[in-house]
Amino acid sequence: MNWAYGWEFIGDNKIVLDYGCFDGKFIIALAKSKPVQVFGADKNKDIVNSTNQDNIVHIQKALPFKDGYFDVVTMFEVLEHVHDQKYVLTQIHRVLKDGGLLIMSVPQKHVFSFLDYGNWKYIFPKVHRYWYTKRHSASEYHYRYVDNPNSLIGDVDKEKAWHQHFETGEFSDLLKSCEFEIKDLDGYGMFALPLELIKLS
């Protein structure tokens, strides 16, 4: 659904950065369907190296692109994993052209937010460690969740250690504080998490 939202607003002949691109599936698919130039950036060096894509870069802090380089930056379900959100948004603002477009999605805070299974590893760490170790190995658990060289716990910044949900006003204020002008805010309803859990079961 997030990808479709991005597709709708990304025009032809644009230079696009997907921040937190993971394995680059979105930009690879986008480049196949539209005449655009695409780049990706992600903090997980292992994933970036596994893509073997020259246009996907590993980031530790600053974005390695010049000011005003991109027409569009996408950021789908990433900001909630980030500890220093203002720094990341300021970096994105820097690399966007004047009048450029940031398209992003975050989880909305509502009555069902507690069902976010991405946070269960923090709420029930012993149970999570037991099942992950049983399914994979103790060494893999240690690498991914205890002493990760990318400063991550799973896919969340180690300093944050929580998968955040945003209230609308909180999200708007954060964007405005980083000098973004908000053109549109949308959502897809509070029943997404329960339905996702039903799908997983």
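Guide: Before we begin, one convention: two residues or elements are in contact when heavy atoms of theirs lie within 4.5 Å. The model we are reading is predicted.

Visitor: What average pLDDT does the protein have, and where does pLDDT stay under 50?

Guide: The general idea is that where pLDDT is low, the predicted coordinates should not be read in detail. Here the protein averages a pLDDT of 89, and 92% of the residues score at least 70. The stretch to treat with caution is residues 190–201, where pLDDT stays under 50, and for which the model has 17 contacts beyond four places in sequence.

Visitor: How should I read the sheet, and in what order do its strands stand?

Guide: Strands of a sheet pair through backbone hydrogen bonds, either parallel or antiparallel. In this structure five strands form an open sheet with parallel pairing, in the order S3-S2-S1-S4-S5. Strand S3 (56–58) and strand S5 (96–105) stand at the edges with a single partner strand each, so one side of each is left without a neighbour in the sheet. From one strand to the next, the twist averages 20°.

Visitor: How many bridges join S4 to S5, and how many join S1 to S4?

Guide: S4 and S5 run parallel and are joined by six bridges, and within that pairing phenylalanine 76 stands opposite serine 105 in S5. Strand S1 (residues 15–19) also runs parallel to strand S4 (residues 70–76), to which three bridges join it; aspartate 18 has threonine 74 of S4 as its bridge partner, and leucine 17 stands opposite valine 73 in S4. On the other pairing of S1, five bridges link it to S2 in the parallel sense, with tyrosine 19 partnered by alanine 41 in S2.

Visitor: How many residues of S2 and of S4 are buried?

Guide: In a regular strand the side chains alternate between the two faces of the sheet, and burial is then counted residue by residue. For S2, five of the six residues are buried, so S2 is largely enclosed by the rest of the structure. S4 is mostly covered, with seven of its seven residues buried.

Visitor: Which helices lie across these strands, and at what angles do they run?

Guide: Helix H2 (residues 25–33) lies across S1, strand S2 (37–42), S3 and S4, and runs at about 180° to S2. Helix H4 (residues 85–95) lies across S1, S4 and S5, with an angle of about 140° to S5.

Visitor: Which residues of H4 are buried, and what covers them?

Guide: An α-helix has 3.6 residues a turn, so residues three or four places apart point the same way. In H4 the buried residues are Gln85, Val88, Leu89, Gln91, Ile92 and Val95. Viewed down the axis of H4, these buried residues fall within an arc of 155°, so they line one face of the helix. Their cover includes S1, S4, S5 and helix H8 (168–177). Threonine 90, also in helix H4, is by contrast partly exposed, because its relative accessible area of 44% lies between the limits of 20% and 50%. The C-alpha atoms of threonine 90 and serine 177 are separated by 9.3 Å, although the two residues are 87 residues apart along the chain.

Visitor: Where is phenylalanine 65, and is it buried or exposed?

Guide: Phenylalanine 65 sits in the loop between S3 and S4, and it is buried, because its relative accessible area of 13% is under the 20% limit. Beyond its neighbours within four places in sequence, phenylalanine 65 is in contact with Leu17, Phe39, Val57, Phe70, Arg94 and Val95.

Visitor: Which residues other than glycine have a positive phi?

Guide: One of them is asparagine 52, with phi near 55°; it lies in the loop between helix H3 (45–51) and S3, and at 68% relative accessibility it counts as exposed. Alanine 161 likewise has a positive phi, of about 50°; its place is the loop between strand S7 (156–157) and H8, and with a relative accessible area of 25% it is partly exposed.

Visitor: How many disulfides does the model have?

Guide: A disulfide is a covalent bond between the sulfur atoms of two cysteines. The count here comes to zero disulfides. Cysteine 21 is buried, with a relative accessible area of 6%, and cysteine 178 is buried with a relative accessible area of 6%.

Key. Residues numbered from 1 in each chain as written. Predicted model: local features only at pLDDT ≥ 70, side-chain atom pairs only at ≥ 80, totals over all residues. Heavy atoms only, no water. pLDDT = per-residue confidence, 0-100. Disulfide = S-S within 2.5 Å. Buried < 20%, exposed > 50% of the residue type's maximum accessible area, 1.4 Å probe, protein only. Pairing = 2+ DSSP bridges. Helix = DSSP H or I, 4+ residues; strand = E, 2+ residues; numbered from the N terminus. Axes fitted to C-alpha atoms, helices over the stretch in contact; angles between N-to-C directions. Arc of directions from axis to C-beta.
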